[in-house]
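Biologist: Please take a close look at one part of this protein for me and tell me what surrounds it. I would like a connected account that I can follow in the viewer.

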Amino acid sequence: MGVLVVSYNRFIVLLFVTFANVWIASAFTGTYGVNYGRIADNIPAPESVVTLMKAAKIKNTRIYNADHEVLKAFKGSGIEIIIGLPNELLKEISASQDRAMDWVKQNVEPFVPATRISGVAVGNEVLGGADQGLWEVLLPAVKNIYNALDLLHLADDVEVSSPHSAGVFGSSFPPSAGAFKESLMPYMKPLLEFFSRTKSPFYINTYPFLAYISDPEHIDINYALFKKNPGIYDEKTKLHYYNMFEAQLDATYAALEKAGFGKMEVIVSETGWASKGDPNEVGATVENARTYNFNLRKRLLKKKGTPYRPKKIVKAYVFAMFNENLKPGPTSERNFGLFKADGSIAYDIGFTGLVPSSATSLFSFKVCYKLFLTFLLNVFMFV
């Protein structure tokens, strides 16, 4: 009997050690994530950003490159991070499996599993973009990165994707009319076939803000901001839409269905609202940004689907963590942040920021209090 007990205990210990060393990563934890753009020279250090995300209970983030300083800072945080392979590397990655392997060995393999890299976004808004030379190299680049991950036994844990802009649509209104541009189908369909085989979702950058400022005379701002409004009715599906965000998502599902991929999941890789803009960027105000992001967060926390895909829980990455003072383009591009450059909140949607200081970044009382409670909880768990 004693031998059996000892053997059983050894088995339990062995089982525990085995599972403790297994890296089980999902591409998206929960429903809410934030893009961590870094085109700025005045934002907090990555270590402070990690603490800020943890205090805000942000469990998913996306960066636009594979900055090693950032990847080291996220070590042990438990936050799922998607890293980007920039557009400027697509041609060389597409042309060489060895180059893809080198990139993965430099930017993924050394950091996992301590840093929870859940995905590689190969390029950003390539199809439909101005550089048509990138359209034909996107799929080969995707395949080479996936093959490199597979050879290193990482493909089951690190998803490969490629976020798209609204530029891929030939039509998107009403939602049932959603369809990809015919000129893109020779590139889009093989890409979708590959993502279908690897069970990757379709990532789309969805901005009611951009739609609204392009036609403020005909678009109800309340419809764009999730506020009370008459909505729109889709005659074909007999569905009513009370916010543009869901309508844009269902237009994406309709386009995928027409392309033959109706079961593919859609995840929003970017969405947000600018708190400041140029005179012609109507609606770019602090109040509208607060309203959109507050209502979006509340909507995502409900963990429900869209009118057309009610069983597909909506997941989204908000753009962006910070205002980025070095981004080119109109004023709005530098003012999408939930937080200001010093780490303080840009507006209140329930998060707590860092208290600005010329000497050092101190945490606000609320953040310290949350961290203190977490510390006490961990202490009592091991007493």
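Modeller: Around the buried residues of helix α11, the cover includes β1 (32–35), α8 (208–214), α9 (221–224), α10, β11 (266–271) and β12 (316–319). Helices (H or I, at least four residues) and strands (E, at least two) are DSSP runs, numbered from the N terminus. This is a predicted model, in which local features need pLDDT of at least 70, side-chain atom pairs count only at pLDDT 80 or more, and totals for chains, interfaces and linings use all residues. Residues are numbered from 1 along each chain as its sequence is written, and side-chain values use heavy atoms, without hydrogens and water.

Which residues of α11 lie under that cover? Asn288, Ala289, Thr291, Tyr292, Asn293, Asn295, Leu296, Arg297, Arg299 and Leu300 of α11 are buried (under 20% relative accessible area, 1.4 Å probe, protein chains only). The helix covers residues 286–301, and its 16 residues should span 22 Å at 1.5 Å a residue; the end C-alpha atoms are indeed 22 Å apart. (The expected span is 1.5 Å times one less than the number of residues.) After α11 comes Lys303, with a positive phi near 55 degrees.

For company, have a look at α7, residues 185–197. This helix has 13 residues and reaches 18 Å from its first C-alpha to its last, close to the 18 Å expected. In α7 the buried residues are Met185, Met188, Leu191, Leu192, Phe194 and Phe195. Their cover includes α6 (135–151), β5 (159–161), β7 (179–180), β8 (202–205) and α10 (244–259). You have now met α10 twice, since α10 is listed in the cover of α11 and in that of α7. Lys199 follows α7 and has a positive phi, near 60 degrees.

One of those neighbours, α6, packs on α7 at an angle of about 15 degrees, and the two axes are 9 Å apart. That angle makes α6 roughly parallel to α7 (angles under 35 degrees count as such). On the α6 side, the residues that make the contact are Trp135, Glu136, Leu138, Leu139, Val142, Lys143 and Tyr146; on the α7 side, they are Tyr187, Pro190, Leu191, Phe194 and Phe195. Contact means heavy atoms within 4.5 Å. Leu191, Phe194 and Phe195 are thus names to keep in view: they touch α6 and are among the buried residues of α7.

Stepping back, the protein chain holds twelve helices and 14 strands, and buried residues make up 50% of its 383 residues. Among its contacts between residues at least 6 apart in sequence, 68% join residues at least 24 apart.

Conventions
Axes fitted to C-alpha atoms, helices over the stretch in contact; angles between N-to-C directions. Parallel < 35°, antiparallel > 145°, perpendicular 65-115°, else oblique.
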